[in-house]
Amino acid sequence: PEKLIVMPNGVDTTLFAGPLPEKRPLKFVYTSVPERGLAQLLREIFPEIRRVYPVAELWVTSYQPLVAYRQYEAKGVHLLGRIHKMDLAGLLLESSLMLYPSNFEEMGAIAVLEAMAAGTPAITSTLGVLAELAGDGERGIAVPGRPGTPEFSRKFVEATLDLLEDGRRLEQMRRAAREYVLAHHDWNKIVLRWDEQLSAMS
């Protein structure tokens, strides 16, 4: 009988090798395609976070154009667009959290995995694989509810503020997120697993 082999997505963990640098506590990132929740983040979520933390910053990168989102640009918001992979790694390494109110049924969530590899947990939705990556609050936070709604925005803001107030939990989450990706989503390890599977089939 035919066998179904499931392999996880992977990231280049060499970009995040070595000890983690000191985080900037109020520097946040969004590094996915914009249509997966960026408008809600810029319109409804980040302004409420900045109301509590006036020096908070949100840095947005994407390989897709961000021109349509310039209308939401405000103090503390930096729409970078496409940047080099090494620059992205540097941005993730120094950021505190990934704010990702995803409205998409994520299957791979590469952007989230890269953030986790940098010790930057994601606050996101429960869609697709995102809840699994969050690990029931151990490696990130998967906010329940329907992305795009005011209720979801409120819960997302509350989850973010609560985590920022709990420094011990946040540090534990950083370590757990990084260790999880290094153990389960390192491309080099996944390639070895593929080699083993292909050898067994030959």
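In this predicted model, helix α1 (residues 38–52) lies across four strands, namely β1, β2 (57–61), β3 and β4. Its direction runs at about 165° to that of β2. Helix α2 (residues 85–94) also packs on the sheet, where it touches β1, β2 and β3. The direction of α2 makes about 135° with that of β1.

The sheet that carries these helices is open and has 6 strands, with parallel pairing and the order β3-β2-β1-β4-β5-β6. Strands β3 (77–81) and β6 (141–143) stand at the edges; each has a single partner strand, so one side of each is left without a neighbour in the sheet. From one strand to the next, the twist averages 25°.

Strand β4 (residues 97–100) offers a good place to look at the sheet in detail. In the sheet order, β4 sits between β1 and β5. On the β1 side, 2 bridges join β4 to β1 (residues 27–30), and the two strands run parallel. Here F28 stands opposite L97 of β4, while V29 stands opposite M98. On the other side, β4 is joined to β5 (residues 122–125) by 3 bridges, again in a parallel arrangement. Within this pair, Y100 has T124 of β5 as its bridge partner. The connection from β4 to β5 passes through helix α3 (residues 110–117), and the resulting β-α-β crossover is right-handed.

How are the two faces of β4 covered? In a regular strand, side chains alternate between the two faces of the sheet. In β4, L97 and L99 lie on one side and M98 and Y100 on the other, and all of these residues are buried. Both faces of the strand are therefore covered, in the setting of side chains that alternate between faces.

Helix α3, met above as the link between β4 and β5, also packs against helix α6 (residues 167–184). Two packed helices are described by the angle between their axes and the distance between the axes. For α3 and α6, the angle is about 115° and the axes are 7 Å apart. The crossing of α3 past α6 is left-handed. On the α3 side, the contact is made by L113, M116 and A117, and on the α6 side by A177, R178, Y180 and V181. By type, these contact residues comprise 6 nonpolar, no polar and 1 charged.

One residue of α3 deserves its own mention: E114, which lies in this helix. Is E114 buried or exposed? With a relative accessible area of 10%, E114 is buried, because buried means under 20% relative accessible area. Leaving aside residues up to four places away in sequence, E114 touches V11, F16, K85, L88 and L92.

Two loop residues complete the picture, each with a positive phi. A109 is found in the loop between β4 and α3, and its phi is about 55° although A109 is not a glycine. D136 is placed in the loop between α4 (130–134) and β6; its phi is near 55°, likewise a positive value in a residue other than glycine. As for their surroundings, A109 is buried, with a relative accessible area of 8%, whereas D136 is exposed, with a relative accessible area of 79%.

Methods. Residues numbered from 1 in each chain as written. Predicted model: local features only at pLDDT ≥ 70, side-chain atom pairs only at ≥ 80, totals over all residues. Heavy atoms only, no water. Buried < 20%, exposed > 50% of the residue type's maximum accessible area, 1.4 Å probe, protein only. Pairing = 2+ DSSP bridges. Right-handed = clockwise from strand over helix to strand, strands pointing away. Axes fitted to C-alpha atoms, helices over the stretch in contact; angles between N-to-C directions. Left-handed = near helix turned anticlockwise from the far one by under 90°. Contact = heavy atoms within 4.5 Å. Nonpolar A, V, L, I, M, F, W, Y, C, P; charged D, E, K, R; others polar.
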